[in-house]
Amino acid sequence: MRWLNVRAVPRAALWLGLVAALGCNTESRKTEAARTTVQRFFEELPSGDCAVLAPLLTGKEGDTCQATVQELNEHGVSLVEVLDAKVDGRDSSAVVVRARVARDGKVREQPMLLRVERHPDGWKLRL
């Protein structure tokens, strides 16, 4: 075991710790971006302004955005709180956000799972 340098072990542990810390930092940036996207969408939802809302949604352009937003507003869907957010284990460019929402003023018992995906032009909510 002469090939094993006594100083190499602590250095390797330091590098592994640094890589793990960077990985966690990346994950926390993703989850924070997803939380922010969900909060911003629900803050803007009552306005019904698809010029603001469409860029926050995946594939929701023009009439599709209008229909989605109109339906959500007709049912009085609103965000009560974001409970947590976790990077999707199957797709590292997506985050699953657990949120408590209300419908017509009544808070749903079960949290809603919202998928937020990273796109070249930002994080987008998939409804």
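A residue is called buried when its relative accessible area is under 20%, exposed when that area is over 50%, and partly exposed in between, with a 1.4 Å probe and protein chains only. The model is predicted, so local features need pLDDT of at least 70 and side-chain atom pairs count only at pLDDT 80 or more, whereas totals for chains, interfaces and linings use all residues. Residues are numbered from 1 along each chain as its sequence is written, and side-chain values use heavy atoms, with hydrogens and water left out.

**Exercise 1. Find the disulfide, give its handedness, and state which elements it connects.**

Step 1. Taking a disulfide as a pair of cysteine sulfur atoms within 2.5 Å, the count comes to one.

Step 2. The two partners are cysteine 50 and cysteine 65, with an S to S distance of 2.1 Å, and the angle of -95° about the S-S bond makes their link left-handed.

Step 3. Helices (H or I, at least four residues) and strands (E, at least two) are DSSP runs, numbered from the N terminus. Cysteine 50 belongs to helix H2 (residues 50-53) and cysteine 65 to helix H3 (residues 62-74), so the pair ties together parts that are 15 residues apart in sequence.

Step 4. For the accessibility of the two ends, cysteine 65 has a relative accessible area of 0% and is buried, while cysteine 50, at 14%, also counts as buried.

**Exercise 2. Classify the aromatic pair and place its residues in the nonpolar core.**

Step 1. Rings of Phe, Tyr and Trp (its six-membered ring) pair if their centres lie within 6.5 Å, and planes under 30 degrees apart count as stacked, over 60 as edge-to-face and the rest as tilted. A search of the whole structure with this rule finds one aromatic pair.

Step 2. The ring centres of phenylalanine 41 and phenylalanine 42 are 5.3 Å apart and the planes stand at 90°, so the pair is edge-to-face; both phenylalanine 41 and phenylalanine 42 are buried.

Step 3. A nonpolar core is a set of buried Ala, Val, Leu, Ile, Met, Phe, Trp, Tyr and Cys residues joined through side-chain atoms within 4.5 Å. The largest one has 24 residues, and those with the most contacts inside it are Val38, Phe41, Phe42 and Val97. Among the elements that give two or more residues to this core are helix H1 (8-44), strand E1 (78-87), strand E2 (94-103) and strand E4 (112-119).

Step 4. With contact meaning heavy atoms within 4.5 Å, and leaving aside neighbours within four places in sequence, the contacts of valine 97 include Ala34, Val38, Val82 and Leu114.

**Exercise 3. Describe how E1 and E2 pair, then locate the salt bridges between them.**

Step 1. Two strands pair if DSSP finds at least two bridges between them; E1 and E2 do so in the antiparallel sense over eight bridges. A hairpin joins E1 to E2 through six residues, and valine 82 stands opposite alanine 99 in E2.

Step 2. A salt bridge requires a side-chain nitrogen of Lys or Arg within 4 Å of a carboxyl oxygen of Asp or Glu, and the structure holds eight of them.

Step 3. In one of these, arginine 100 meets glutamate 81, with the closest N and O atoms 3.8 Å apart. Arginine 100 lies in strand E2 and glutamate 81 in strand E1, so this pair ties together parts that are 19 residues apart in sequence. Arginine 100, at 23% relative accessible area, is partly exposed, and glutamate 81 is partly exposed at 37%.

Step 4. Arginine 98 forms a salt bridge with aspartate 84, the closest N and O atoms being 3.2 Å apart, and this pair links arginine 98 in strand E2 with aspartate 84 in strand E1, 14 residues apart. Arginine 98 is partly exposed at 32%, as is aspartate 84 at 21%.

**Exercise 4. Trace the salt-bridge network that contains arginine 115 and aspartate 88.**

Step 1. The closest N and O atoms of arginine 115 and aspartate 88 are 2.6 Å apart, in a salt bridge.

Step 2. This bridge links arginine 115 in strand E4 with aspartate 88 in the loop between E1 and E2, 27 residues apart.

Step 3. Arginine 115 is partly exposed, with a relative accessible area of 23%, whereas aspartate 88, at 7%, counts as buried.

Step 4. Salt bridges with shared partners join Asp88, Arg90, Asp91, Arg115, Glu117 and Arg126 into one network.
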